[in-house]
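Colleague: I am new to this structure and would be grateful for a close look at a single part of it. Please take one strand, describe its surroundings with care, and then place its chain among the others.

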Number of protein chains: 4
Amino acid sequence: MDYQRKTIGILTSGGDCPGLNAAIRGVAKPAVELYGMKVIGFANGYRGLMEGHSIELSSSDLSGILTEGGTILGTSREPFKQLVKNQDKIDQMIKNYKKFSLDCLVVLGGNGTHKTANLLKQHGLNIIGLPKTIDNDLYGTDFTFGFHSAVDIATEVIDRIHSTAQSHSRAMIIELMGHKAGWLSLYAGIAGGADIILIPELPYSIDNVINKLNQRHAMGKKFSIIVVAEGAISKAEAKMSKKQFKASRSDMTYSSIGYKIAKQIEEKTNFETRVTVPGYQQRGGTPSAYDRVLATKFGTYALSLILKSDYGLAVGITDNVVSARPLEEIAGKLKVVPKDHMLIKSGFALGTCFGQD
Amino acid sequence: MDYQRKTIGILTSGGDCPGLNAAIRGVAKPAVELYGMKVIGFANGYRGLMEGHSIELSSSDLSGILTEGGTILGTSREPFKQLVKNQDKIDQMIKNYKKFSLDCLVVLGGNGTHKTANLLKQHGLNIIGLPKTIDNDLYGTDFTFGFHSAVDIATEVIDRIHSTAQSHSRAMIIELMGHKAGWLSLYAGIAGGADIILIPELPYSIDNVINKLNQRHAMGKKFSIIVVAEGAISKAEAKMSKKQFKASRSDMTYSSIGYKIAKQIEEKTNFETRVTVPGYQQRGGTPSAYDRVLATKFGTYALSLILKSDYGLAVGITDNVVSARPLEEIAGKLKVVPKDHMLIKSGFALGTCFGQD
Amino acid sequence: MDYQRKTIGILTSGGDCPGLNAAIRGVAKPAVELYGMKVIGFANGYRGLMEGHSIELSSSDLSGILTEGGTILGTSREPFKQLVKNQDKIDQMIKNYKKFSLDCLVVLGGNGTHKTANLLKQHGLNIIGLPKTIDNDLYGTDFTFGFHSAVDIATEVIDRIHSTAQSHSRAMIIELMGHKAGWLSLYAGIAGGADIILIPELPYSIDNVINKLNQRHAMGKKFSIIVVAEGAISKAEAKMSKKQFKASRSDMTYSSIGYKIAKQIEEKTNFETRVTVPGYQQRGGTPSAYDRVLATKFGTYALSLILKSDYGLAVGITDNVVSARPLEEIAGKLKVVPKDHMLIKSGFALGTCFGQD
Amino acid sequence: MDYQRKTIGILTSGGDCPGLNAAIRGVAKPAVELYGMKVIGFANGYRGLMEGHSIELSSSDLSGILTEGGTILGTSREPFKQLVKNQDKIDQMIKNYKKFSLDCLVVLGGNGTHKTANLLKQHGLNIIGLPKTIDNDLYGTDFTFGFHSAVDIATEVIDRIHSTAQSHSRAMIIELMGHKAGWLSLYAGIAGGADIILIPELPYSIDNVINKLNQRHAMGKKFSIIVVAEGAISKAEAKMSKKQFKASRSDMTYSSIGYKIAKQIEEKTNFETRVTVPGYQQRGGTPSAYDRVLATKFGTYALSLILKSDYGLAVGITDNVVSARPLEEIAGKLKVVPKDHMLIKSGFALGTCFGQD
């Protein structure tokens with residue numbers, strides 16, 4: 001059949017994230033084994049496409065990768081802001097797309113990746129984007145793969161902290177990933193039963209945090225669990241200019257928001273405070289069953305689009321159905337936690353403090 | 001306010017399932033702490049309601065239970081078939097409902113539980129049902145809590161088996177729960193990269209299974225992973241009467257379908273075959289983050305219905321939105337895997353054998 | 001230096017076991033990287049040595065394997081009983097040993113492997129044995145690597161079963177690996193708080209098992225956890241001839257001892273009984289931290305012996321010190337659980353039933 | 001019998017640590033159930049003994065605690081330095097010991113706990129100490145319970161970081177617990193295959209660390225894993241007075257050594273550096289199978305000493321045998337990693353950098 005002649009390019013871009021290999025496999029294994037297509041993997045994200053650094057993926061390359069963290073293709077960050085000013089790099093990608101006779105390029109990534117994907121679409125390339133990020137902040141999909149794996153790990157961290165918090169008057173801070181969106185902290189915070197959850201979408205007042213600590217202490221609770229997204233900001237900071245904000249954080253260059261809040265709590269109360277920074281743990285390990293299933297769905301769905309020569313799309317899951325929409329509809333848009341999200345309401349009902357009045 | 005006067009009964013019924021305590025907490029913690037309601041927990045399912053065996057749940061009863069497996073209320077199986085013939089028991093439940101001055105009874109359970117819930121509704125009681133089962137076979141909701149926890153455990157089992165399958169010509173059978181529906185085997189099978197998945201919805205032919213084994217052997221693969229739902233049936237069995245079917249399984253009374261298939265494979269091939277039966281592991285352990293979140297949503301949503309005196313409903317999640325529908329719409333209906341489910345298609349694309357031609 | 005000229009052969013033999021790659025790395029990485037030796041890996045155990053099927057291990061072959069289950073070299077079972085009658089195979093191994101100019105052959109395995117190792121020593125080859133088996137039944141070492149990983153997994157299974165056992169009068173049977181020795185069942189049973197532990201070294205009476213169940217029931221306990229080693233035997237069976245024993249188990253060819261005991265319990269009591277057979281799970285997954293450390297110690301210690309041309313030894317850990325003893329001292333000897341082992345005493349003190357009076 | 005009349009006091013003191021409940025159960029369950037003794041649990045460590053804050057432990061208090069993290073008795077830090085100057089507090093403990101008619105007091109703790117235990121022994125009380133700490137720095141025992149659980153968690157953290165480290169030129173720092181002793185970092189570092197391990201016993205030079213990073217980079221390695229004990233010190237700091245040292249760390253009051261080293265690396269190289277601080281995770285969660293077994297052995301062994309009225313002893317495990325020695329022999333002594341420890345040698349052989357030349 002005609003579709004068996006197609007050549008697919010594939011690359012993974014941006015930060016590490018569990019499920020990348022599962023998604024690659026979902027696209028490439030049936031493409032190679034069932035349809036006899038040629039699948040070219042580009043190394044280290046868009047950089048590999050620029051440099052023509054690639055391998056043709058065989059059946060055996062795709063075997064045993066479903067459960068592996070990281071990405072067999074490697075990844076890199078190629079900031080869109082710089083790329084868009086550098087037409088040479090763009091031309092180089094277009095040239096290589098043609099040189100490899102690609103019928104389509106599948107890109108796996110987050111916000112930056114999809115902006116570049118849309119740019120390449122505008123230059124006439126056939127692109128399909130798959131939504132990956134542990135931050136879940138990609139517009140146009142209810143969930144990205146990688147997110148639930150990160151929630152699992154962060155929840156496990158909170159669980160362990162919970163089980164140790166035996167001493168009196170101790171505040172345990174867990175700083176989770178999420179610069180612009182608080183999805184991970186919200187989900188893991190609710191799943192772990194955190195007492196206080198601070199996310200970028202809901203600027204906090206340290207006084208509200210301390211009130212909650214005092215209130216729990218008054219109720220005889222021995223400890224409090226505070227989940228802080230790394231992008232959490234105070235109400236004062238939320239009103240600052242970018243420059244002011246940067247200055248306000250200058251002391252944190254080599255530390256973290258968790259330590260900053262710990263310092264504030266210890267200065268204003270007599271609660272001993274301890275900080276945990278799970279860091280890159282949250283991007284690591286084997287993808288959860290949920291993410292393997294989701295990434296596999298995304299991958300095989302992308303291939304079904306390719307079979308129909310349906311390009312220029314971002315794959316996602318909306319209302320529990322895998323579907324796709326034009327890249328330009330989603331590129332450059334951030335999906336943050338809406339203030340009336342059901343889990344925030346659930347949190348309020350359960351007595352969780354979000355640093356608000 | 002008036003709603004603060006309400007008295008809620010709550011019970012858990014049927015098989016164990018992770019997330020029961022998270023759901024109880026989601027209903028009861030805000031009811032007690034935020035709204036000052038009275039929440040009566042009945043022990044061991046409907047049996048506790050019959051016998052009036054109950055405790056009033058306090059704040060401290062609800063503390064620390066979010067992460068616990070099992071149920072703080074206990075559970076029992078009270079088969080609907082027998083109950084419906086036993087008006088005494090039904091009367092006893094109605095009597096106790098009134099005796100405890102309940103405004104509403106929240107029941108957490110699967111198919112049987114919801115049938116009884118609907119029966120009690122027909123007798124005029126205010127009932128809300130929450131969908132729990134690791135089998136995910138409850139009609140009216142895309143997912144039940146407990147399901148994803150079981151998928152996680154089953155996938156982990158498959159992963160471990162995968163990493164040991166070094167010897168030549170070995171077939172590894174993993175028998176998972178699921179008498180009537182293959183959801184768990186389908187999800188875990190895809191997540192674990194099983195080569196063969198046998199579920200009740202797709203009756204298998206042992207010849208197709210063996211063909212797949214031979215085909216993999218011919219390709220130089222050292223081993224094959226076979227996931228079998230405990231309710232898997234052969235094509236021949238699918239055509240049998242109930243009586244015939246029972247007779248065909250008489251040798252399995254104290255064994256399992258996994259061993260039966262192992263025997264067939266060893267008789268018809270020279271593959272060494274090994275059987276793993278994870279059994280009640282799949283119902284055990286702490287609920288996954290996913291299920292804690294889902295159960296918390298269900299619980300707090302149920303409470304929001306109670307606040308509005310909106311009764312007679314089964315809570316569920318459809319198209320990624322938590323909602324409710326009349327109990328009579330869902331009672332007695334089973335949700336099995338549709339033959340054109342996206343994961344079955346993904347499986348076919350990836351070369352998974354479902355025991356079909 | 002002279003020792004840098006050495007050529008080491010290495011192979012893994014017998015059943016799969018976590019830690020094999022960690023041990024290979026412990027021997028080979030410093031040999032190659034620090035001492036510039038040549039390390040030849042033989043494929044699939046002694047079979048690879050017979051057939052000359054091998055690869056020279058490079059730095060990159062040894063990178064990233066520390067955490068991997070299974071073995072990068074493959075394994076096979078080459079029963080000693082048959083081998084000793086087949087001088088051709090032995091000659092073939094000796095021939096290849098010489099052909100590859102080996103200064104030493106390192107074999108990783110259990111009892112069978114060490115018997116063959118000793119045989120090769122008797123034929124004049126320089127052999128070092130490393131003790132691997134999840135059964136921990138190898139003589140001459142307090143612990144083999146793989147054992148603690150299997151204990152971790154088995155304990156996790158018991159934990160999960162524990163958390164689900166909510167219903168009345170239920171007996172949960174968990175059948176663990178261990179044909180001749182009960183180490184795994186003893187350790188995991190104690191770690192998991194099993195109520196009853198049945199191991200080959202202590203033949204059980206089903207009446208004692210049932211008495212214990214009844215006794216717990218009388219105390220109001222809802223359930224009992226029974227850990228059964230796959231090699232557990234009844235007192236009656238312990239007195240049988242091999243032939244009689246085989247006949248007594250003929251109905252179990254494709255089932256397991258767990259189901260047999262379940263049947264007996266259900267026939268003699270009204271406890272519902274459920275069986276879990278973790279199977280090859282126990283050999284799977286990444287090695288535990290303990291086993292990675294132990295395997296690394298064994299591997300680097302083996303290399304230190306090679307540096308001193310100290311051969312014909314079995315490495316082990318005794319009194320918490322890694323050491324070695326002549327292969328002939330340990331070959332053919334089984335290490336079973338002594339009846340007065342401290343954990344059996346601890347079990348008795350804690351009320352654990354071992355099926356004895 | 002006479003010993004059935006005995007009354008045992010028990011308390012847990014110092015930092016949280018997995019296995020405390022397993023050890024309590026090991027002492028108290030047989031004491032209560034088998035020997036009919038009375039066991040008094042004091043709340044929150046020595047503080048409970050001072051204040052007479054206690055409960056008598058019943059069978060049901062001891063049921064289901066084997067697997068639980070934390071301690072059912074609560075704990076507190078009661079620094080020895082202050083206690084020894086406060087005769088009132090000591091007198092109060094002696095008074096309560098007598099008031100409760102204790103025949104023996106069992107204390108579970110680390111270095112501080114055992115110093116106080118020895119002090120009470122000198123005042124004529126019958127004391128038995130059980131060795132708990134995740135730091136493994138208690139003299140007189142090869143291993144404390146809690147240690148291996150912490151190693152498991154720390155190793156899992158390293159594993160996850162490993163699987164994400166895909167980008168070029170990145171240094172991943174994982175800061176583990178261990179103020180005075182590097183046991184945890186050494187074991188987890190070796191188990192996780194860390195490239196660099198910095199422990200208090202081997203003061204580091206940042207230049208050696210950076211050399212190792214450069215060397216790996218030159219070999220084409222994409223990343224390096226650096227495990228740092230929180231008590232790691234540089235060679236310069238090792239020569240400082242206490243006062244000087246404190247001043248050198250003044251900028252770290254609310255941050256951590258991991259961030260300090262990250263800053264140094266980023267200033268001196270162009271490697272992106274990321275920091276993970278697992279923090280109290282390392283004290284949390286259910287005890288590992290290893291620690292449950294060890295704590296159970298310690299507990300039941302302590303009881304066997306009590307049955308023989310053998311007091312004034314610290315229980316431990318030496319050369320793989322559980323035994324006891326006089327409290328005064330171990331009190332006040334720290335067990336640090338010897339510079340010629342086998343794992344350090346293994347590390348050197350495998351190319352691990354310890355920050356030394």
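Modeller: Two strands are said to pair if DSSP finds at least two bridges between them. Helices (H or I, at least four residues) and strands (E, at least two) are DSSP runs, numbered from the N terminus. This is a predicted model, in which local features need pLDDT of at least 70, side-chain atom pairs count only at pLDDT 80 or more, and totals for chains, interfaces and linings use all residues. Residues are numbered from 1 along each chain as its sequence is written, while chains are lettered from A and ligands numbered from 1 in the order in which they are written.

The part I have chosen is strand 4 of chain A, residues 104–109. On one side, strand 4 of chain A pairs with strand 1 (residues 7–12) of chain A in the parallel sense, over five bridges. Within this pairing, Val107(A) of strand 4 has Leu11(A) opposite. Strand 4 of chain A is also joined by five bridges to strand 5 (residues 127–131) of chain A, and these two run parallel. Here Ile128(A) of strand 5 is the residue opposite Val106(A).

The path between strands 4 and 5 of chain A includes helix 5 (residues 111–122), and the three elements form a right-handed β-α-β unit (with the strands pointing away from the viewer, the path from the first strand over the helix to the second runs clockwise).

Six of the six residues of strand 4 of chain A are buried (20 or more other C-beta atoms, placed from the backbone, lie within 10 Å of the residue's own). Both faces are covered: Cys104(A), Val106(A) and Leu108(A) lie on one side, with Leu105(A), Val107(A) and Gly109(A) on the other.

Chain A, which holds this strand, also has a symmetry partner. Chain D is superposed on chain A by a rotation of 180 degrees with 0.0 Å of shift along its axis, at an RMSD of 0.0 Å (a least-squares fit on the C-alpha atoms of residues with pLDDT of at least 70 in both). In chain D, Val277(D) comes closest to that axis, its C-alpha lying at 2.3 Å. Of the contact residues of chain D, 100% recur in chain A, the same surface serving both copies (C-beta atoms, placed from the backbone, within 7 Å).

Chain C, in turn, is superposed on chain D by a rotation of 180 degrees with a shift of 0.0 Å and an RMSD of 0.0 Å. This is the relation of a two-fold axis. The C-alpha of Asp319(C) is the nearest to the axis in chain C, 2.0 Å from it.

Definitions and conventions:
A residue is buried if 20 or more other C-beta atoms lie within 10 Å of its own, exposed if 12 or fewer, and partly exposed in between; C-beta atoms are placed from the backbone. Two residues are in contact if their C-beta atoms, placed from the backbone, lie within 7 Å.
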